[in-house]
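Here is a walk through this fold, written for someone who would rather look at the picture than read a database entry. Keep the viewer open and follow along.

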Amino acid sequence: MTDFSTLGLSAQIVSRIAKEGYEKPTPIQEKAIPLVLEGRDVMGLAQTGTGKTAAFGLPLIDMLLQNGRKPDPKTVKTLILAPTRELVNQIAENLRIFARKTPLKVNIVVGGASINRQQHQLAAGTDILVATPGRLLDLLDRRALRLDAVRFLVLDEADQMLDLGFIHDLKKIASLVPDQRQTMLFSATMPKSIADLSSRFLNNPERVEVSPPGKTADKVDQAVHFVAGKADKVELLRQELSNNPEGRAIVFLRTKHGAEKLMKHLDSRGFATASIHGNKSQGQRERALKAFKTGEINVLVATDVAARGIDVPGVTHVYNYDLPEVADAYVHRIGRTARAGNDGKAIAFCTPEESGLLRDIQRLTGIEIAIASGEPHAHADRPAKGRGGRGRGGNASGKPARRARPSGGNGGQRHAGDARDGGHRDSANRHGPGRDGQSKPRPRRQRNRQNDRRQSA
Ligand code: AMP
């Protein structure tokens with residue numbers, strides 16, 4: 001059976017990650033690590049949760065350690081670009097664990113945090129820089145760093161970076177990185193725009209793929225409540241949350257305004273809740289996530305900025321309070337639950353206006369979502385105007401949809417590596433007034449113009 005030592009990683013790295021409980025590589029790690037170590041460009045089709053950070057992070061750290069030379073002042077050896085602050089933080093957190101007890105320096109560059117501090121950190125040179133594109137360009141404008149020593153470039157969640165309008169920033173950044181480099185691109189989906197990006201930035205890449213994106217939905221128990229109108233959703237959500245006092249839930253809405261309003265409503269009704277969306281400062285977003293991870297709050301109200309990347313073991317419920325405009329987002333949202341070997345439920349609320357969106361989701365995932373209450377709205381099978389999954393082919397081929405496992409089931413396939421974090425337990429009932437100070441937003445210092453504009457969700 002494959003273990004990490006057979007993939008070509010050094011004994012030092014293998015023993016480091018063994019201490020973190022990494023015994024068996026996940027499929028994406030098994031495929032990508034040897035290729036990266038060989039020096040190949042890699043185009044990975046994989047979602048967060050599949051272990052892709054280690055798939056590129058471990059071989060990169062290994063190669064940086066082999067090379068041994070310290071980075072010159074203001075230079076960067078490895079540049080990792082990701083769409084959101086949360087994802088950047090999470091990637092850096094993982095890499096710092098992998099690189100513990102080595103001299104490698106991992107720095108972060110994100111909007112919403114002090115740019116002067118980031119500038120200061122970059123001065124001594126950086127082995128691995130994890131960045132959102134907008135803030136990186138701001139720092140390049142200030143000549144806080146140079147990219148002419150970058151040897152390795154990683155574009156993570158590339159499809160979301162394109163969705164957020166980062167294409168020009170990416171082109172600009174890539175033009176500052178030497179052509180003589182190794183590039184890795186990871187994306188959860190493979191629309192034509194990503195294929196174009198890949199052919200532009202990667203050199204004869206090897207493509208690696210783990211479970212087709214739409215399949216993720218298989219692992220989660222899914223159900224839908226058909227409701228007559230928006231007003232019914234609040235009541236239904238309150239009931240659901242009250243029925244699951246031990247649960248840990250993420251509630252997704254389409255708009256920042258809607259998310260904030262709902263969070264305040266739930267808070268006023270005694271639920272321990274906070275919100276994450278594009279109007280929150282980085283500090284607020286981090287505090288909300290931390291409170292959610294520690295169990296101080298158990299309901300996180302979010303827009304799609306939190307749909308990807310966030311890795312909180314033990315999320316028991318994902319509520320699609322509003323169905324997403326783009327079917328892909330549904331798959332990302334529900335992927336926040338049933339992680340790390342735990343069970344998860346995804347519950348959607350569907351008004352008559354959202355019927356077309358539900359149809360798109362069912363087509364994309366190939367799953368007919370079980371009905372929890374209400375009746376399917378008339379014309380539910382009418383195509384939604386101008387919307388839908390982004391040409392992934394596969395499931396949208398008119399095949400009969402499979403019915404999702406009824407809620408409450410446990411079985412189902414899990415992907416490799418799911419034994420991880422298996423010891424997580426929810427603590428006691430977390431309902432109660434305890435909040436993390438979200439209601440007193442601090443003034444935003446050093447706002448990052450570009451990130452803030454783009455991370456509008
Ligand atoms: P990622 O897809 O990189 O966000 O990883 C998802 C989660 O899986 C993170 O909590 C990782 O620490 C964990 N993980 C990744 N690879 C492994 C592995 N081979 N064994 C155990 N846990 C892993």
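Strand 10 (residues 273–276) and strand 11 (residues 299–302) run parallel and are joined by 4 bridges. One pairing to pick out is Ile-276, whose bridge partner in strand 11 is Ala-302. To get from strand 10 to strand 11, the chain passes through helix 12 (residues 282–294), and this β-α-β crossover is right-handed. Look at the side chains of strand 10 too: Thr-273 and Ser-275 point one way, Ala-274 and Ile-276 point the other way, and all are buried. Keep in mind that this is a predicted model.

Now zoom out. The protein has 15 helices and 16 strands. Of its 457 residues, 50% are buried. Among contacts with a separation of 6 or more, 81% are between residues 24 or more positions apart.

**The sheet around strand 10**

Strand 10 belongs to an open sheet of 7 strands, ordered 10-11-9-12-13-8-15, with parallel pairing. Strand 10 and strand 15 (370–373) are at the edges with a single partner strand each, so each has one side without a neighbour in the sheet. On average, neighbouring strands here are turned by 25 degrees against each other, direction ignored. Further along the order, strand 12 (residues 317–320) and strand 13 run parallel, joined by 4 bridges. There, His-317 has Lys-345 of strand 13 as its bridge partner.

Two helices to find on this sheet are helix 10 and helix 12. Helix 10 (residues 230–243) packs on it and touches strand 8, strand 9 (249–252), strand 11, strand 12 and strand 13. Helix 12, the one from the crossover, also packs on the sheet, where it touches strand 10 and strand 11.

**The other sheet**

A second set of 7 strands forms an open sheet in the order 3-4-2-5-6-1-7, and here too the pairing is parallel. The edges are strand 3 (106–109) and strand 7 (206–209); each has a single partner strand, so one side of each is left without a neighbour in the sheet. Neighbouring strands are turned by 15 degrees against each other on average, direction ignored. Inside the order, strand 1 (residues 42–45) pairs with strand 6 (residues 182–187) in the parallel sense over 4 bridges. Met-43 is opposite Leu-185 of strand 6.

Helix 4 packs on this sheet and touches strand 2 (76–81), strand 3 and strand 4 (126–131). The table puts the directions of the three sheet-packing helices together.

| Helix | Strand used for the angle | Angle between directions |
|---|---|---|
| Helix 4 | Strand 3 | about 175 degrees |
| Helix 10 | Strand 13 | about 160 degrees |
| Helix 12 | Strand 10 | about 135 degrees |

**Helix 3 against helix 4**

How do helix 3 and helix 4 cross? The axes of helix 3 (residues 52–67) and helix 4 (residues 85–98) come within 10 Å and cross at roughly 45 degrees. That angle makes helix 3 and helix 4 oblique to each other, and their crossing is right-handed. On the helix 3 side, the contact is made by Thr-53, Ala-54, Gly-57, Leu-58 and Ile-61; helix 4 brings Ile-91, Asn-94, Leu-95 and Phe-98. Check the spacing in the viewer: an α-helix has 3.6 residues a turn, so residues three or four places apart point the same way.

**A helix on the inside**

Is helix 14 (residues 355–365) buried or exposed? In helix 14, 11 of the 11 residues are buried, so this helix is largely enclosed by the rest of the structure. That holds for charged-looking names in the sequence as well, including Arg-359, Asp-360 and Arg-363, which are buried. The buried residues of helix 14 pack against strand 8 (221–226), helix 13 (327–334), strand 13 (345–350) and strand 14 (367–368). Right after helix 14 comes Gly-366, with a positive phi near 70 degrees.

**Two odd backbone spots**

Most residues other than glycine have a negative phi. Lys-74 has a positive value, near 65 degrees, and is placed in the loop between helix 3 and strand 2. Lys-74 has 17 C-beta neighbours inside 10 Å, so it counts as partly exposed. Asn-204 also has a positive phi, near 45 degrees, and is found in the loop between helix 9 (192–201) and strand 7. With 6 C-beta neighbours inside 10 Å, Asn-204 counts as exposed.

Definitions and conventions: Residues numbered from 1 in each chain as written. Predicted model: local features only at pLDDT ≥ 70, side-chain atom pairs only at ≥ 80, totals over all residues. Buried ≥ 20, exposed ≤ 12 C-beta atoms within 10 Å, placed from the backbone. Contact = placed C-beta atoms within 7 Å. Pairing = 2+ DSSP bridges. Right-handed = clockwise from strand over helix to strand, strands pointing away. Axes fitted to C-alpha atoms, helices over the stretch in contact; angles between N-to-C directions. Parallel < 35°, antiparallel > 145°, perpendicular 65-115°, else oblique. Left-handed = near helix turned anticlockwise from the far one by under 90°.
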